[in-house]
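Please look over the chain below before reading on. The briefing that follows takes up its contacts, its make-up and its nonpolar cores.

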Amino acid sequence: MSDARDSPPESAQTTFDVAVIGGGAGGLAASIALARSLRSVIVIDAGQLRNSSSAHAHNLLGHEGIRPQDLVAKGRTEAEEYGVTFIEATVTTVHTRDPDAGPAEEAPQYRFELSTSVGVEVAARRIIIATGLSDELPNVPGLADGWGDTVLHCPYCHGYEVRGQRIGVIGTTAMSYHQAMLFSQLSDQVSFIRHNAPAPDSEQEAMLETLGIEYIDSTVTEAARTESGTVVSLAAGDSVDGANALTFDALAVGAYARANADLFSQLGGEVVAHPSGMGTYIPTQMAGQTDVPGVWAVGNAADVSAMVVASTASGVLAGAHVNADLIMESLG
């Protein structure tokens with residue numbers, strides 16, 4: 001079994017029942033479920049956690065408040081104990097194997113070929129994509145500096161930690177009004193800055209007024225962290241009570257959640273836009289199965305709203321489904 005910090009030697013195993021691409025919560029959970037069914041599994045992961053900038057992960061029964069890095073390290077250790085192989089790398093290319101190439105008894109079984117950034121070539125019977133998503137913040141100088149700390153997106157993931165504080169919600173889509181509504185449960189000092197969200201309709205206006213959410217029809221031009229909080233600058237000519245800069249303890253913003261799905265596209269899959277405008281995702285059927293034969297997708301790559309525990313659950317379910325699928329294939 002290879003170490004995640006080293007490229008496997010030439011004699012290492014390169015054919016597996018399942019290749020899991022991505023070693024976050026979803027990918028690790030899938031690998032453990034499969035390994036417990038005695039499947040040979042490789043996890044290919046570059047170690048780039050989506051929530052690495054967050055100090056803690058929440059809503060995890062038995063692991064409340066754990067550091068995301070510690071959670072993944074623990075999961076990896078558990079997977080290794082079941083014999084899962086790890087490579088620290090990215091998958092550069094993936095394609096379906098030509099059924100006419102190679103020995104006749106091998107081609108139908110190992111249908112996928114994957115090339116990695118460390119030069120290792122892997123063949124697999126099934127693929128589970130657990131590559132997550134990339135958060136694309138609005139182009140506001142200084143906003144990214146606080147991401148995962150003072151700049152938040154999920155009231156369930158981070159809201160309790162900023163309860164009762166001054167919270168500014170920067171609008172990006174119509175869903176930002178929903179975001180403001182949820183944060184209002186945690187503080188009576190919530191301000192909604194429209195930025196580039198659509199103007200509120202009558203229902204949204206009523207919601208803001210009923211919940212006591214301050215509405216600011218302006219664009220944010222800069223966010224700067226200071227000792228007293230995060231100072232948000234408004235567009236020239238705009239002001240609130242004569243001030244063109246506002247100070248908050250925390251900012252909430254709906255980042256555009258773009259699925260990391262280049263490999264899915266290489267396999268002929270089609271990434272779709274979420275109807276809410278929140279981002280893109282890999283469409284799946286039961287247990288994460290995609291329209292591409294032999295390929296499953298789990299976690300945030302398939303669900304833009306999945307928290308860590310939901311990603312974990314999707315990985316377990318997909319792993320069980322892939323194992324059953326392989327058994328069915330052996331029956332002919």
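Among contacts (heavy atoms within 4.5 Å) in the protein chain between residues at least 6 apart in sequence, 59% join residues at least 24 apart. This is a predicted model, in which local features need pLDDT of at least 70 and side-chain atom pairs count only at pLDDT 80 or more, while totals for chains, interfaces and linings use all residues. Residues are numbered from 1 along each chain as its sequence is written, and side-chain values use heavy atoms, with hydrogens and water left out.

**Overall form**
- The protein chain contains 7 helices and 19 strands, which are DSSP runs numbered from the N terminus (helices: H or I, at least four residues; strands: E, at least two).
- Taken along the principal axes, the C-alpha atoms fill a box of roughly 75 × 35 × 30 Å.
- Of the 332 residues in the protein chain, 47% are buried, meaning under 20% relative accessible area with a 1.4 Å probe, protein chains only.

**Nonpolar cores**
- The largest nonpolar core (buried Ala, Val, Leu, Ile, Met, Phe, Trp, Tyr and Cys residues joined through side-chain atoms within 4.5 Å) has 27 residues, and L114, I127 and V295 have the most contacts inside it.
- Elements that each supply at least two residues of this core include β1 (15-21), β5 (112-116) and α6 (262-266), while β6 gives the most, with 4 residues.
- Not counting residues up to four places away in sequence, L114 touches residues including A19, I44, V91 and I127.
- Another core, of 20 residues, lies apart from the largest one, and among its residues are V72, A79, A130 and W296.

Key:
Buried < 20%, exposed > 50% of the residue type's maximum accessible area, 1.4 Å probe, protein only.
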